[in-house]
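Grab a pencil and get ready to look at a protein model piece by piece. Try each task yourself before you read its solution.

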Amino acid sequence: MCPRLAGAMRLGPRPATLGLLLLCAAAAGAGEAEELHYPQGEHRADYDREALLGGQEEVDEYVKLTPEEQHKRLKSVIKKIDLDSDGFLTESELSSWIQMSFKHYAMQEAKQQFVEYDKNSDGSVSWDEYNIQMYDRVIDFDENTALDDAEEESFRQDKKRFEKANQDSGPGLNLEEFIAFEHPEEVDYMTEFVIQEALEEHDKNGDGFVSLEEFLGDYRRDPTANEDPEWILVEKDRFLNDYDKDADGRLDPQELLSWVVPNNQGIAQEEALHLIDEMDLNSDRKLSEAEILENQDLFLTSEATDYGRQLHDEYFYHDEL
């Protein structure tokens, strides 16, 4: 097992585990990917485009646009990012736009999932329909009985989250409730549940906080090793410098929330700074339309345009929106 994945499985929330699963998968296929990306040492630009746009279908759609249409749509996107209409994109404007893009596509994905999960098309997703979509069968279990399969055991928490999202106590989740179930971090009434869920999993001594030891889970240092493995050092650094804001050696409920909920703000700010660092030709720490068009490929392979997808989504480029 990938060491970092092993750590994630002990350390915390499933979003982190998923990310590390992807890292391990990427590492396993790195040699093959490198050969595809640089055959005979020559850089293959279409590999970048396909990877960033998400697949051949998206690539086919992208190349159908004329250069003039690409240019027009990109200028429309730039204009929308420029909130104060001063002709420049600042770090704050880029960061806000990227965060909005993250949320938009998360909501769109949830809406698509809702249709897939709603097997009888009655406008709601029942618990049985969710079971069938996830496992091709309905999982029955007693609330006090541990399930043999660890993945199915996590299903118990899914049901608690499902019930919390179901505000009207109907037989299933409507679209708004389903979005709250899939993305509790985006819905205020789910915040308390997200915190409580994390405490139940990690607060082993029941004091209402998560200590560094609890944060690291069941990790125990190898007595024969001179130091902790790298992934543990990384996790300790995250605990001390990213999450434990008051430096008291433990995470209170609000600090815990910053761990278990993806920090899109930080990701967006990092990408905004990266774009300015790479594209700011006159060192004024903001981007003009001319600077962006001068380096169009970089902007189109950025989270600022969701890797070019915004050029195909009227929500982002349409002048009337």
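Below are five exercises, each with a worked solution.

A quick word on the model first. It is a predicted one, where local features need pLDDT of at least 70 and side-chain atom pairs count only at pLDDT 80 or more, while totals for chains, interfaces and linings use all residues. Residues are numbered from 1 along each chain as its sequence is written, and side-chain values use heavy atoms, with hydrogens and water left out.

**Exercise 1. Get the overall picture.**
Work out how many helices and strands the protein has, and what share of its residues is buried.

*Solution.*
- Step 1: Count the elements. There are 18 helices and six strands. These are DSSP runs numbered from the N terminus: H or I over at least four residues for a helix, E over at least two for a strand.
- Step 2: Check burial. Of the 321 residues, 39% are buried. Buried means under 20% relative accessible area, exposed means over 50%, and partly exposed is in between (1.4 Å probe, protein chains only).
- Step 3: Look at the contacts, meaning heavy atoms within 4.5 Å. Taking those between residues at least 6 apart in sequence, 55% join residues at least 24 apart.

**Exercise 2. Check a helix with a ruler.**
Find out what span helix α15 should have, and compare that with its end C-alpha atoms.

*Solution.*
- Step 1: Helix α15 runs over residues 264-279, which is 16 residues.
- Step 2: The expected span is 1.5 Å times one less than the number of residues. For α15 that gives 22 Å, and the end C-alpha atoms are 22 Å apart, so the two agree.
- Step 3: Try α6 as well. Its 15 residues should span 21 Å, and its end C-alpha atoms are 21 Å apart, which agrees.

**Exercise 3. Find the two sides of α15.**
Which residues of α15 are buried, and what do they pack against?

*Solution.*
- Step 1: The buried ones are Ala268, Glu271, Ala272, Leu275, Ile276 and Met279.
- Step 2: These residues cover an arc of only 135° around the axis, so they sit on the same side of α15. The arc is taken from the directions from the helix axis to the C-beta atoms.
- Step 3: Flip to the other side of α15, and you'll meet Glu270 and Asp277, which are exposed.
- Step 4: The buried residues of α15 pack against α7 (91-117), β6 (287-288), α16 (289-294) and α17 (296-300).

**Exercise 4. Cross two helices.**
Describe how α6 and α7 meet.

*Solution.*
- Step 1: Two packed helices are described by the angle between their axes and the distance between the axes.
- Step 2: The axes of α6 (residues 67-81) and α7 come within 9 Å and cross at roughly 110°. Axes are lines fitted to C-alpha atoms, for helices over the stretch in contact, with angles from 0 to 180 degrees between N-to-C directions.
- Step 3: So α6 is roughly perpendicular to α7, a label for angles of 65 to 115 degrees (under 35 is roughly parallel, over 145 roughly antiparallel, the rest oblique).
- Step 4: Val77, Lys80 and Ile81 of α6 make the contact with Glu93, Leu94 and Trp97 of α7.

**Exercise 5. Place three residues.**
Are Gln296, Ser85 and Arg285 buried, partly exposed or exposed?

*Solution.*
- Step 1: Gln296, found in α17, has 17% relative accessibility, so Gln296 counts as buried. Gln296 touches Gln70, His71 and Leu74, leaving out residues up to four places away in sequence.
- Step 2: Ser85 is in the loop between α6 and β1 (88-89). Its relative accessible area is 61%, so Ser85 is exposed.
- Step 3: Arg285 lies in the loop between α15 and β6. With a relative accessible area of 43%, Arg285 is partly exposed.
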